[in-house]
Amino acid sequence: MKRILPLLFVLAMTLVLAACSNTDETEPNISQSFLSEDREVSNETQSTEDSDSTQQMEDSNMNETKILVAYFSRPGENYSVGYIEKGNTHIVADMIAEQTGGDIFEIRTVTPYPDDYDECVEIAEQEQNENARPELDESVGDMKNYDVVFLGYPNWWGDMPMAVYTFLESYDFSGKTIVPFCTHEGSGLSSTESSIAEICSDAEVLEGLAIRGSVAQNSQEEAKEAVVSWLSEAGFLGGDSSSTER
């Protein structure tokens with residue numbers, strides 16, 4: 001009997017050790033599994049935080065950018081749209097100011113242009129031939145504070161109205177960004193972007209937007225869609241050569 005007991009004890013211990021060995025082989029390392037998942041969650045969280053931080057920095061920089069929307073526009077009798085109380089370019093300028101939160105400034109001449117379309121065409125042609133610089137009735141008092149200037153104008157005789165040249169030559173645009181936009185009825189921006197870049201050689205001139213005056217006046221939802229798309233692409237969410245404003 002004394003010999004049997006030790007044998008039974010040895011047999012029991014052998015079975016216990018075998019069971020423990022099987023358990024170690026089949027059961028997963030739960031602690032290691034959780035640690036791995038924690039690392040994955042931590043990496044995802046860090047990636048999200050980095051993305052949010054980048055977006056916040058971009059939004060902050062955009063909020064700190066001081067924007068001016070300066071425009072020249074003419075009501076009265078206009079090509080294709082008849083007599084209007086609010087100029088085509090004025091309409092687009094208001095859309096840009098609304099979307100960007102920029103300040104708005106109207107470029108006006110001391111001597112207003114006539115309401116009659118044909119008379120205005122003649123004066124615009126004469127001013128262009130003489131390379132005139134019409135006197136403006138008001139100035140931007142704090143131009144130095146603006147980082148971005150949206151510059152709007154109608155296409156007159158394939159060019160900017162000469163009053164816009166007066167405006168451009170009245171300030172120092174060094175280090176600023178100029179973003180042109182115009183209304184027309186077929187000739188688009190013509191060569192006005194390069195003209196602006198030549199005058200303001202120390203400024204960055206971005207790709208401009210051209211909208212038909214008839215669209216700005218009569219299809220404003222379509223015009224707004226074009227403005228929003230253009231501003232978004234630019235990172236701001238922002239004719240006939242013998243005629244005047246289109």
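1. A quick word on terms before we start: a residue is called buried when its relative accessible area is under 20%. By that cut-off C182, at 2% relative accessibility, counts as buried. C120 is also buried, because its relative accessibility is 0%. Please keep in mind that this is a predicted model.

2. While we are on cysteines, a search of the whole structure turns up 0 disulfides.

3. On to helix α6, residues 192–199, where T192, S195 and I196 are buried. Looking down the axis of α6, the buried residues fall within an arc of 100°, so they line one face of the helix. The cover over these buried residues includes β5 (148–154), α5 (162–168), β6 (177–184) and β7 (204–205).

4. The length of helix α8 (residues 220–233) checks out nicely. With 14 residues at 1.5 Å a residue, α8 should span 20 Å, and its end C-alpha atoms are indeed 20 Å apart, which agrees.

5. Which residues of α8 are buried? They are A223, V227, W230 and L231. These residues cover an arc of only 95° around the axis, which puts them on the same side of α8. As general background, an α-helix has 3.6 residues a turn, so residues three or four places apart point the same way.

6. The other side of α8 carries E221, E225 and E233, which are exposed. As for the buried residues of α8, what covers them includes α3 (88–100), β5, β6, β8 (209–212) and α7 (213–218).

7. One last backbone detail for you: after α8 comes G235, with a positive phi near 90°.

Note on methods:
Residues are numbered from 1 along each chain as its sequence is written. This is a predicted model: local features need pLDDT of at least 70, side-chain atom pairs count only at pLDDT 80 or more; totals for chains, interfaces and linings use all residues. Side-chain values use heavy atoms; hydrogens and water are left out. Buried means under 20% relative accessible area, exposed over 50%, partly exposed in between (1.4 Å probe, protein chains only). Helices (H or I, at least four residues) and strands (E, at least two) are DSSP runs, numbered from the N terminus. The arc is that of the directions from the helix axis to the C-beta atoms. Contact means heavy atoms within 4.5 Å. The expected span of a helix is 1.5 Å times one less than its number of residues. A disulfide is a pair of cysteine sulfur atoms within 2.5 Å.
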